[in-house]
Amino acid sequence: MMEAVIDNLKKRKKINRRKNPDSASLLAQAITETIKGLSESSRVGVRIVGTSQDAVMNQDAMIDTARARTRALALEQAAATKALFSQWATEDATDDPEELQRRTQEHLELQHAMNENRKATGERLPFPELEVRTSAELENAA
């Protein structure tokens, strides 16, 4: 059975005899790749039916099915997230100039606080343009 696993994985170019010339390394790599394929399949709900040899021989199909289910799930989650953000944007929409000014000021304060935290820890500033703008405003005020 291990020969079938190794042959299948060689066809899929998942293992390379040149890199792992000895049988133990080759077998270990084959087992690792098989386990990866099977665990990816079971993670997304693909049920393995039959013997372990059937599972090994059909692992390409199982991996493709698992990837397709993962992609579909990711698309569903992205659509739900987009709908939620759209709902929030609709709920928070306003034309009130005072509210808009308050939100803008709150956002600038948040950016400034994040920059101050990064300066204190010596990390890269997330909003360097804010520092340039603040310096220019200070020069203009003087």
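**Exercise 1.** Is Arg102 buried, partly exposed or exposed, and what is its relative accessible area?

*Solution.* The model is predicted.
- Take the cut-offs: buried is under 20% relative accessible area, and exposed is over 50%.
- Arg102 has a relative accessible area of 42%.
- Arg102 is therefore partly exposed.

**Exercise 2.** Find the salt-bridge partner of Arg102 and place the pair in the fold.

*Solution.*
- A salt bridge needs a side-chain nitrogen of Lys or Arg within 4 Å of a carboxyl oxygen of Asp or Glu.
- The closest N and O atoms of Arg102 and Glu106 are 2.8 Å apart, and the two form a salt bridge.
- Both residues sit in helix 5, four residues apart, so about one helical turn separates them.
- Glu106 is partly exposed, with a relative accessible area of 48%.

**Exercise 3.** Work through the pair Arg103 and Glu99 in the same way.

*Solution.*
- The closest N and O atoms are 2.9 Å apart, and Arg103 forms a salt bridge with Glu99.
- Helix 5 covers residues 97-121.
- Arg103 and Glu99 are four residues apart in this helix, which means a separation of about one helical turn.
- Arg103 is partly exposed, at 32% relative accessible area.

**Exercise 4.** Describe the pair Lys119 and Glu116.

*Solution.*
- Their closest N and O atoms are 3.5 Å apart, and they form a salt bridge.
- Both lie in helix 5, three residues apart, about one turn of the helix.
- Lys119 is partly exposed at 41% relative accessibility.
- Glu116 is partly exposed too, at 36%.

**Exercise 5.** How many salt bridges does the structure hold, and which residues are linked in a network?

*Solution.*
- The structure holds four salt bridges.
- A network of salt bridges links Glu99, Arg102, Arg103 and Glu106.

Notes
Residues numbered from 1 in each chain as written. Predicted model: local features only at pLDDT ≥ 70, side-chain atom pairs only at ≥ 80, totals over all residues. Heavy atoms only, no water. Helix = DSSP H or I, 4+ residues; strand = E, 2+ residues; numbered from the N terminus. Buried < 20%, exposed > 50% of the residue type's maximum accessible area, 1.4 Å probe, protein only.
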